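Work through the exercises below with the structure at hand. Try each task before reading its solution.

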Amino acid sequence: MEKTLIIFKPDCLRKRLMGTVLGRFEREGFTIAGCKMAQLGPDLLKQHYAHLADEPFFPGISSFMESGPVVVMILEGDNVIKKIRKLVGPTDSEKAAAGTIRGDYGDNAMRNVVHASDSPESARAEIRRFFNEDDFQI
Ligand code: ADP
């Protein structure tokens, strides 16, 4: 079964939207296969957002992601990667359609509520980055 990595970002927890957002994922039939709360640090964020490291807004992303705890989750299901990206909506919350998670709850291009893996390769790498095998294998 396909797996994806979700991060409920600091804005999601601050706004007490974790249950609402997770409810949308569960309503689609996806299964929680791993879950932990974490305080992310600069080294891990540099790896996770390596593709943005040279952007002028990278320090802003890093300090936003360090600004409070996150919940990191593995969700499992048929075609879960693509389906979750569709539910989440595009990066910029101001351009995301109503009915998407970012469109309904995000503030802007940075404070956009959740991270979701964008391909099978990144899902595999991200799950390995945030979880140990025995965190999610029963
Ligand atoms: P996504 O999260 O939709 O896969 P990216 O991988 O391009 O998008 O960006 C990672 C994260 O970096 C975004 O979710 C957002 O928090 C932040 N980000 C992306 N683009 C911008 C931008 N132009 N300005 C500020 N923050 C941004």
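## Exercise 1: The sheet

In E4, valine 114 is the bridge partner of phenylalanine 8. The model is a predicted one.

**Task.** Give the strand order of the open sheet and the sense of its pairing. Then state which strands stand at the edges.

**Solution.**

1. Start with E1 and E4. Strand E1 (residues 3-8) pairs with E4 in the antiparallel sense, over three bridges. Isoleucine 6 stands opposite alanine 116 in E4.
2. Turn to E3. E1 and E3 run antiparallel and are joined by six bridges. Here lysine 3 stands opposite glutamate 76 in E3.
3. Assemble the order. The open sheet has four strands, in the order E2-E3-E1-E4, with antiparallel pairing.
4. Read off the edges. These are strand E2 (31-38) and strand E4 (114-116). Each has a single partner strand, so one side of each is left without a neighbour in the sheet.
5. Add the twist. From one strand to the next, it averages 20 degrees.
6. Place the helix. Helix H7 (residues 120-130) packs on the sheet and touches E1, E2, strand E3 (70-76) and E4. The direction of H7 makes about 55 degrees with that of E1.

## Exercise 2: One face of a helix

**Task.** Which residues of helix H2 (residues 18-27) are buried? Why do they line one face of the helix?

**Solution.**

1. List the buried residues. In H2 they are Val21, Leu22, Arg24 and Phe25.
2. Recall the geometry. An α-helix has 3.6 residues a turn, so residues three or four places apart point the same way.
3. Look down the axis. The buried residues of H2 fall within an arc of 150 degrees, so they line one face of the helix.
4. Check the face turned away from the buried side. There H2 carries the exposed residues Gly19 and Arg27.
5. Step past the end. Just after H2, glycine 29 takes a positive phi of about 95 degrees.

## Exercise 3: The cores

**Task.** Which elements each supply at least two residues of the largest nonpolar core? Which residues does phenylalanine 8 touch?

**Solution.**

1. Take the core as a whole. The largest nonpolar core has 20 residues. Those with the most contacts inside it are Ile6, Phe8, Val21, Phe25, Ile84 and Val114.
2. Assign the sources. E1, H2, E3, helix H5 (80-88) and E4 each supply at least two residues. The largest share, four residues, comes from H5.
3. Look at E1. Five of its six residues are buried, so the strand is mostly covered.
4. Follow phenylalanine 8. Residues up to four places away in sequence are not counted. Phenylalanine 8 then touches Leu13, Met18, Val21, Leu22, Phe25, Val70, Val71, Met73, Val113 and Val114.
5. Note the other core. Apart from the largest one lies another, of 17 residues, among them Tyr49, Met65, Val72 and Ile74.

## Exercise 4: Two cysteines

**Task.** How many disulfides does the count give? Why is cysteine 35 not bonded to cysteine 12?

**Solution.**

1. Set the cut-off. A disulfide needs two cysteine sulfur atoms within 2.5 Å.
2. Apply it. The count comes to zero disulfides. Cysteine 12 is in none, and the nearest cysteine sulfur, that of cysteine 35, is 12 Å away.
3. Reverse the view. For cysteine 35, the closest cysteine sulfur is that of cysteine 12, and 12 Å is too far for a bond.
4. Compare the surroundings. Cysteine 12 is buried, because its relative accessibility is 0%. Cysteine 35 is partly exposed, at 46%.

## Exercise 5: A distant partner, and two positive phi angles

**Task.** Is phenylalanine 64 buried or exposed? Where are arginine 16 and asparagine 79 found?

**Solution.**

1. Locate phenylalanine 64. Its place is in helix H4 (residues 58-65). At 3% relative accessibility, phenylalanine 64 counts as buried.
2. List its contacts, leaving aside neighbours within four places in sequence. Phenylalanine 64 is in contact with Lys9, Pro10, Asp11, Arg14, Met110 and Arg111.
3. Take one of these, arginine 111. From phenylalanine 64 it is 47 residues away in sequence and 7.8 Å in space, C-alpha to C-alpha.
4. Move to arginine 16, in the loop between helix H1 (10-14) and H2. Arginine 16 is not a glycine, yet has a positive phi of about 55 degrees. At 75% relative accessibility, arginine 16 is exposed.
5. Finish with asparagine 79, in the loop between E3 and H5. Asparagine 79 is not a glycine either, and has a positive phi of about 55 degrees. With a relative accessible area of 35%, asparagine 79 is partly exposed.

Key: Residues numbered from 1 in each chain as written. Predicted model: local features only at pLDDT ≥ 70, side-chain atom pairs only at ≥ 80, totals over all residues. Heavy atoms only, no water. Buried < 20%, exposed > 50% of the residue type's maximum accessible area, 1.4 Å probe, protein only. Pairing = 2+ DSSP bridges. Axes fitted to C-alpha atoms, helices over the stretch in contact; angles between N-to-C directions. Contact = heavy atoms within 4.5 Å. Arc of directions from axis to C-beta. Core = buried A, V, L, I, M, F, W, Y, C linked by side-chain atoms within 4.5 Å.
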